Amino acid sequence: MANDRRDGSQETLIGYFTGIYIGRDNDRNDVSGNHMIRFLSACAAALLLSAPVNAEEGAPARSTVVVELFTSQGCSSCPPADELMEELAKRDDVIALALHVDYWDYIGWKDDFADPKYAQRQKKYAMRAGRHSIYTPQMIVNGTTDIVGTHPKQLEKAIAEHRARPAAVDLDLHRDGDVVTISAVPLRQDMLPMDVQLLRYQPARQAEITRGENAGKTIHYVNVTEGWTLLGQWDGKAPFRMTADAEGSLPVVVLIQVARFGPILAAAETR
């Protein structure tokens with residue numbers, strides 16, 4: 001049995017979890033409604049994720065797996081997921097991205113890492129999958145698999161499953177100063193239109209939180225995403241090559257994702 005809290009979250013037998021109803025209006029750009037739904041969640045301690053198994057010689061190429069964590073400084077359930085990201089960020093077979101959302105700012109603490117675009121990205125994922133809500137902490141693996149961000153065993157299982165799939169695109173990045181050259185080759189003939197996206201991330205950031213659910217905590221964050229840009233679309237019928245500006249020293253990530261928030265088919269990063 002759950003007890004509603006005044007901040008909108010609910011207490012279950014295994015911890016606090018928060019979510020927000022988004023409705024069905026595909027044309028709206030806001031996160032609509034304040035109706036909260038309950039998700040079962042365990043505030044499990046972050047576990048060390050097992051190292052990836054090396055592919056056998058001659059096996060098909062495997063894509064790097066992308067894990068997007070939707071999180072917030074104002075969410076009391078998020079710190080275990082933020083800690084789990086520290087382990088993901090160490091892996092060579094995973095690109096871990098922390099996307100801070102702003103829809104919990106009203107409960108007492110404004111997340112200064114947040115970007116409204118990330119709440120919209122999370123909402124579009126939910127709509128494509130037929131879900132009627134978004135929540136934190138949520139992880140999306142390769143654009144398709146939805147996992148509560150405090151479930152490391154489920155996360156590791158999803159990463160292993162995605163790594164086992166043969167790559168659909170061979171993606172290569174080359175950085176020369178403030179310019180990144182992107183080269184991609186389709187590895188299948190049945191390609192759908194794809195979005196080519198570029199983003200940056202801060203490898204490490206820290207927040208001293210003085211109000212809200214996490215008041216009094218100093219939380220360390222990794223791979224805090226910023227500057228997410230859609231470079232264009234690619235039909236996948238022939239190889240393509242393009243250059244993009246990437247000023248500064250932050251790592252650069254390029255994602256190739258089936259258009260309209262479909263599966264992520266390829267990802268690469270360069271520092």
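Here's a quick tour of one sheet, one helix and a few unusual backbone spots in this predicted model. Residues are numbered from 1 along each chain as its sequence is written. Because the model is predicted, local features need pLDDT of at least 70 and side-chain atom pairs count only at pLDDT 80 or more, while totals for chains, interfaces and linings use all residues; side-chain values use heavy atoms, with hydrogens and water left out.

Let's start with the sheet. Three strands (DSSP E runs of at least two residues, numbered from the N terminus) form an open sheet in the order S9-S10-S13, paired antiparallel. S9 (169-176) and S13 (240-245) are the edge strands with a single partner each, so one side of each has no neighbour in the sheet. S9 pairs with S10 (residues 179-186) over 8 bridges (pairing takes at least two DSSP bridges), and Asp172 has Ser183 in S10 as its bridge partner.

Now for helix H2 (helices are DSSP H or I runs of at least four residues). H2 covers residues 116-129. Among its buried residues (under 20% relative accessible area, 1.4 Å probe, protein chains only) are Tyr118, Tyr125 and Met127. At the N-terminal end, Asp115 is the cap, with a side-chain oxygen 2.9 Å from the backbone nitrogen of Lys117. Gly130 follows H2 and has a positive phi, near 80°.

Two non-glycine residues with positive phi sit in the loop between S14 and S15:

| Residue | Phi | Relative accessibility |
|---|---|---|
| Arg260 | near 65° | 68%, exposed (over 50%) |
| Phe261 | about 65° | 26%, partly exposed (in between) |

Lastly, the Thr136 to Pro137 peptide bond is cis, with omega near -5°.

Note on methods. The expected span of a helix is 1.5 Å times one less than its number of residues. A polar contact is a pair of N or O atoms within 3.5 Å; within protein, one must be able to donate a hydrogen and the other to accept it, and residues adjacent in sequence count only if both atoms are side-chain atoms.
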